[in-house]
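Student: Could we walk through this structure together, one question at a time?

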Amino acid sequence: MLPRACRRDRAMLQRSGPLKGVRIVEMAGLGPAPFAAMHLADLGAEVVRIARPGQKFPLPIDAKYNLFNRSRRSLTLDLTKARDVDRLWQLIERAEVLIEGFRPGKMEKLGFGPEQVQARNPALVYGRLTGWGQEGPLAHAAGHDMNYAAITGAVWGLGDADRPPPAPMNLIADQGGGAMMLNVGILAALTHARATGQGQVVDTAMTDGVNLLMTMQHGLVACGAWSDKRSGDFINGGVAWYRCYETGDGKYVSVGCLEPQFFAELLALLGLTNDPRFADQYAPTAQASMMDALTEIFLTATQQEWCDILEGSDACFAPVVSLADASDHAHNRARGSFVTVGGIEMPTPAPRFSRTQPDTPTTGDAGEISLDEILEHWGNNA
């Protein structure tokens, strides 16, 4: 029988989910690449995180709270040493996917660029994630989520018309245009590799991903249906029926009733069906008066009182809750959208599957795994 530590390590590798058995080497980094690896591990992939000696999260928090590192163990390797270089090669030769999020050229300098790797493992999918991409005039420049999104038009359309765009959370470029695009690319390339034995490089630039996310807006601009102004269009605060309003207790609610039937439902529930200010939902000249009226109305009751009237209707309404309160919302509770592990409340894996349900994630301090255990398991499943 295996020692208890080895049984624990193997249990971490043999996770349940639709990606069960997919073997991934992750070069540890920060931000969207770890999120991508976390997501694949959540869905059952066998992800081994390769860390550098002394590598730590930049914020002074306990490792267990760095949830991007959940659901997988780490192997610390010093790639300046020949022995550890050989160890990494042993893993890469058995892997199906490699994920790295360094600046262009870093992996090549380490001796693990795509050409070197695919010479040894032709079927490997080489997932690369950067802000600017592997080439282009900005390819080697530093940046963060907001910078990458800034050149796509996505940041330009945020916020009030008379102020600079606000700094968005790192959902647009890091997670949306970056990590999620990388994972779609990896799974597409993996499908091809398993069918043909031919791996390939997945060059994921966050700028490319955010540009793709803006596809609808480009179509609307082309036909003259998008003004490209902050608070100037129908889904960025330019209309009365798609925005947030303050409530009487200093909280907020959201309404997003684009379609006429949903707008009619909102008016009915607010007692405004026959109010002439709301006679023409789409008239540009009517938006200011409708906004003023709705601003006044929502201030007359608390957020909960408006929830009692509007939530669950076809008025396209929801309260704006804080991050701290998200897990307490009745809908999230009913769906089990959060789970508590090791005293930390965290989102459950998504999406959901009818047959291959993923395991409960771990905290961010799942710890080290031995090379021998990985090789034994991957050797038997290669």
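Below, a student and a tutor talk through a predicted model.

Student: Let's begin with the overall picture. How many helices and strands does the protein chain have?
Tutor: For scale, the C-alpha atoms of the protein chain fill a box of roughly 75 × 50 × 40 Å along the principal axes. Of the 382 residues, 45% are buried. The secondary structure of the protein chain comes to 14 helices and 11 strands.

Student: What share of the accessible surface of the protein chain belongs to carbon and sulfur atoms?
Tutor: Start from the total, which is about 19,500 Å² of accessible surface for the protein chain. The part that belongs to carbon and sulfur atoms is 55%.

Student: Now the six-stranded sheet. Which strands are its edge strands?
Tutor: This open sheet has the order S3-S2-S1-S4-S5-S6, with parallel pairing. An edge strand pairs on one side only, and that applies to S3 (73-76) and S6 (201-205). From one strand to the next, the twist averages 20 degrees. The edge strands are S3 and S6.

Student: Which residue of S4 is the bridge partner of isoleucine 24?
Tutor: Strand S1 (residues 23-27) and strand S4 (residues 97-100) pair in the parallel sense over three bridges. Within that pairing, the partner of isoleucine 24 in S4 is valine 97.

Student: And which residue of S2 stands opposite methionine 27?
Tutor: Here we look at S1 and S2, which pair in the parallel sense over five bridges. Opposite methionine 27 in S2 stands isoleucine 50.

Student: How many residues of strand S2 are buried?
Tutor: Let's take the two faces of S2 in turn. Glu46, Val48 and Ile50 point one way, Val47, Arg49 and Ala51 point the other way, and all are buried. Strand S2 (residues 46-51) is therefore largely enclosed by the rest of the structure, and its buried count is six of the six.

Student: Let's turn to the helices. At what angle does helix H8 run to S6?
Tutor: Helix H8 (residues 206-213) lies across two strands, S5 (125-130) and S6. Its angle to S6 is about 70 degrees.

Student: How are H7 and H8 oriented to each other?
Tutor: Two packed helices are described by the angle between their axes and the distance between the axes. The axes of helix H7 (residues 171-196) and H8 come within 8 Å and cross at roughly 95 degrees. Angles of 65 to 115 degrees count as roughly perpendicular. H7 and H8 are therefore roughly perpendicular to each other.

Student: How many nonpolar, polar and charged residues make that contact of H7 with H8?
Tutor: H7 contributes Ile172, Ala173, Asp174, Gly176, Gly177, Gly178 and Met181. H8 contributes Met206, Gly209, Val210, Leu212 and Leu213. Sorted by class, the contact has seven nonpolar, four polar and one charged residues.

Student: Is histidine 39 buried or exposed?
Tutor: Histidine 39 sits in helix H2 (residues 32-42). Leaving aside neighbours within four places in sequence, histidine 39 is in contact with Met180, Asn183, Ala350 and Pro351. Buried means under 20% relative accessible area. With a relative accessible area of 12%, histidine 39 is buried.

Student: On to the three-stranded sheet. Which of its strands stand at the edges?
Tutor: This open sheet has the order S7-S8-S9, with antiparallel pairing. An edge strand here has a single partner strand, so one side is left without a neighbour in the sheet. The strands at the edges are S7 and S9.

Student: Which residue in the hairpin of S7 and S8 takes a positive phi?
Tutor: Strand S7 (residues 242-246) and strand S8 (residues 252-256) run antiparallel and are joined by five bridges. Across this pair, cysteine 244 stands opposite serine 254. The hairpin has five residues between the strands, and the one with a positive phi near 80 degrees is glycine 250.

Student: What is the bridge partner of valine 255 in S9?
Tutor: S8 also runs antiparallel to strand S9 (residues 317-320), with four bridges joining them. The partner of valine 255 in S9 is phenylalanine 317.

Student: Finally, which helix lies across S8 and S9?
Tutor: The helix in question covers residues 303-310 and runs at about 160 degrees to S9. The helix that lies across S8 and S9 is H12.

Technical notes: Residues numbered from 1 in each chain as written. Predicted model: local features only at pLDDT ≥ 70, side-chain atom pairs only at ≥ 80, totals over all residues. Heavy atoms only, no water. Pairing = 2+ DSSP bridges. Axes fitted to C-alpha atoms, helices over the stretch in contact; angles between N-to-C directions. Contact = heavy atoms within 4.5 Å. Parallel < 35°, antiparallel > 145°, perpendicular 65-115°, else oblique. Nonpolar A, V, L, I, M, F, W, Y, C, P; charged D, E, K, R; others polar. Buried < 20%, exposed > 50% of the residue type's maximum accessible area, 1.4 Å probe, protein only. Areas by Shrake-Rupley, 256 points an atom, 1.4 Å probe, with all protein chains shown as cover.
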